[in-house]
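Visitor: I have not looked at this structure before. Could you take me through it in questions and answers?

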Amino acid sequence: MGAKVKTIARRGSTLQERIFLIEIFKGMATTFGHFWRNLLDNSKLYVRHYPEVKPEIPVRWRGRHRLTSHEDGSVKCVACFMCQTNCPAQCIQIQAGERLDGKAEKMPVSFNIDLLECIYCGYCVEACPLDAIRMDTGIYSVTGKDRESFNMGIDDLLAKQGAFTEEDYKKGGA
Amino acid sequence: MSLLDILMIAIRVAFSAFVPLCFIAVCVWMERRGAGFIQDRSGPNRANIFGFRAAGLVQNLADAAKLIFKEDIISAHIKHKFFFVLAPIIVFFTAVVSFGVVPFADTLVINGKSYIMQGIPIDIGILWFLALAGFSVYGIILAGWSSTNKYGILGGLRSAAQVISYEIPMGLAIVSLLIVYGTVNLNEIARFQGELLFGFIPMWGAILQPLALVIFVVAAFAETNRTPFDLAEGESEIVAGFHVEYSAMKFAVFFMGEYVALFVSSAMIVTLFFGGYQIPFLATKTLITIAKPLAFVLMIGLPVGMYYFAGWIRRSNISHYPRENDPRAFEAKWYIRCFWGLIVIVELLLLAILLCQSGGDTINIFVALLQVCTFLVKVTMMLFVYIWVRWTLPRFRYDQLQKLGWQMLLPLALLNIFITSAVVVALS
């Protein structure tokens, strides 16, 4: 099946269009329509009053990262370095240590993500074999007053819970 | 020279110097909010003083404060620093001074002495405007050249080429106007337009010379470097064109000069084509005779208009999301109070007009004030047209611009001169 070719007629060659004025007045009528409508009733503007009204974040949105944990609260991460190796921005720094709770052999002693380096590509989430790192916090705007506040440690990453239910997250294509 | 003479001179000079400057703020505000509404967004409306946003006007103050306190940089590679600094001054100065010849009210008679109501009392009128409008382009060319920057010089060159191809149609359009009016004095031109054609149509330039109106308006757009003819800036092609090297207050002076030029050319279009300060159907003499009934009509009309305006403020100035004790509603209440206060003051003045003896100087002053208001309203409407066109049309390509100037506007302007002269000769 070949690609469908849609021929779009060239415009602008008729006398009416070459005079410009008529077409200009048509365009001005359109813009004035918008102006007048919004002047009379500014509730119809296509804007979100942003800091007060937040946008709805879909499940597949790649927000700020978090580390998931087992039901007993221990970290799922086994410090396999898949995410660190995969990270194109090299923003993940893991230090592995011995794990004593019997769930695995290793666990991260420190797990740092530098959010100023991060490009939010989601490769760490893709790479993780144990679903230990996710980007489902729904945080789309990370702000801070100094550089250090953007360097997320393991405690910061574990503290935040996911913004969606497990069911929605699975359906969302994780 | 009596004290009154000195006062009148001070008033008229102050008016023609400060009104264009005040209108910078109005223009910028209209441009940004107008652009917002045309594009279905709201424009700057967050900057406030104690929660009072004045519909976005406070944003101008914020911008001004920012531009004043920014570092003023002259790059080391600029060799001709004198010309570099001179360029924005030329643009701004010529724009302000060219408003000097525009009359904003008819000649005012006080104590049997007549006072001309324009900044500079000279008769050359339109020629003064043409000369200074042409000269302001030197500022742009000089800025582009002295920036020692390829984008700057391209902008300057474009502006030079553009001004040549648009000054000529503009001049020729004015020639045909002058054939009709028979004078270059703008006050006489405005007075001419107060007459009625066939007894019921105002003899405005727009009605007598529609073709000249189109040519003049197009050329005026090109002259003020506004879209669709803002090739000298062309931010998508040559960054910012002629003012690419300018920062802080030097950029602001360019910016303000552009808006003053906008105001002046609106004032010029209004004076030449839309009757200047004349209220349609009411020439100055008629106005003086019916001043009192008019004051009475205004006394009734103003509160009615204000009532609907207050309703509009109340409807528009609210938060569009759930909010406790909406501060915008509180704000709107105060705006409405301020406007009602203003209305009360105007009403008292109108009452004083009604009670004073007819035929006196008070009536003359009242008529002059009415004409000033009419003039400013007309100019504001013309400014809106400029803004409206800017947010409707994309920029012309360079060759299209030259083609339009030389192959369409120039022949049309010449044709217009021939037709006008033929008609004028046939009628006289």
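What follows is a set of questions and answers on this predicted model.

Visitor: Into which domains is chain A divided, and how many Å apart are their C-alpha centres?
Guide: The model is predicted, and an automatic or database assignment gives the domain bounds. For chain A these are domain 1 (11-47) and domain 2 (66-171). The C-alpha centres of domain 1 and domain 2 of chain A are separated by 51 Å.

Visitor: Which residues of chain A does UniProt list under "binding site"?
Guide: The listing comes from an unreviewed UniProt entry, and such annotations may be inferred rather than shown by experiment. The residues named in that entry are Cys77(A), Cys80(A), Cys83(A) and Cys128(A).

Visitor: Are they gathered at one spot or spread out?
Guide: In sequence they span 52 residues. In space, no two of their C-alpha atoms are more than 10.5 Å apart, so they gather at one spot.

Visitor: Is Cys80(A) buried, exposed or partly exposed?
Guide: Cys80(A) sits in the loop between strand 1 (66-67) and helix 3 (82-86) of chain A. A residue needs 20 or more other C-beta atoms within 10 Å to be buried, and is exposed with 12 or fewer. Cys80(A) has 18 C-beta neighbours inside 10 Å, so Cys80(A) counts as partly exposed.

Visitor: And Cys83(A), buried or exposed?
Guide: Cys83(A) belongs to helix 3 of chain A. Leaving out residues up to four places away in sequence, Cys83(A) touches Ile92(A), Cys124(A), Ala127(A), Cys128(A) and Ile133(A). The count of other C-beta atoms within 10 Å is 23, and therefore Cys83(A) is buried.

Visitor: Which strands stand at the edges of the open sheet in chain A?
Guide: Three strands of chain A make up this open sheet, in the order 2-3-5, with antiparallel pairing. An edge strand here has a single partner strand, so one side of it is left without a neighbour in the sheet. That applies to strand 2 (92-98) and strand 5 (151-152) of chain A.

Visitor: Which residue in strand 3 of chain A stands opposite Glu98(A)?
Guide: Strand 2 and strand 3 (residues 106-114) of chain A run antiparallel and are joined by seven bridges. Opposite Glu98(A), in strand 3 of chain A, stands Lys106(A).

Visitor: Which helix of chain B gives the largest share of the side that touches chain A?
Guide: The contact involves 15 residues of chain B and 18 residues of chain A. On the chain B side, the elements giving two or more residues are helix 1 (3-38) and helix 14 (361-390). The largest share, three residues, comes from helix 1 of chain B.

Visitor: Is Lys378(B) buried or exposed?
Guide: Lys378(B) is part of helix 14 of chain B. Beyond its neighbours within four places in sequence, Lys378(B) is in contact with Val270(B) and Phe274(B). Since 21 other C-beta atoms lie within 10 Å, Lys378(B) is buried.

Visitor: How many residues of domain 2 of chain B are in contact with domain 1 of chain B?
Guide: The assignment for chain B gives domain 1 (3-279 + 381-427) and domain 2 (282-355). Their C-alpha centres lie 30 Å apart. Eight residues of domain 1 of chain B take part in the contact, and from domain 2 of chain B the number is six.

How values were computed: Residues numbered from 1 in each chain as written. Chains lettered and ligands numbered in written order. Predicted model: local features only at pLDDT ≥ 70, side-chain atom pairs only at ≥ 80, totals over all residues. Contact = placed C-beta atoms within 7 Å. Helix = DSSP H or I, 4+ residues; strand = E, 2+ residues; numbered from the N terminus. Pairing = 2+ DSSP bridges.
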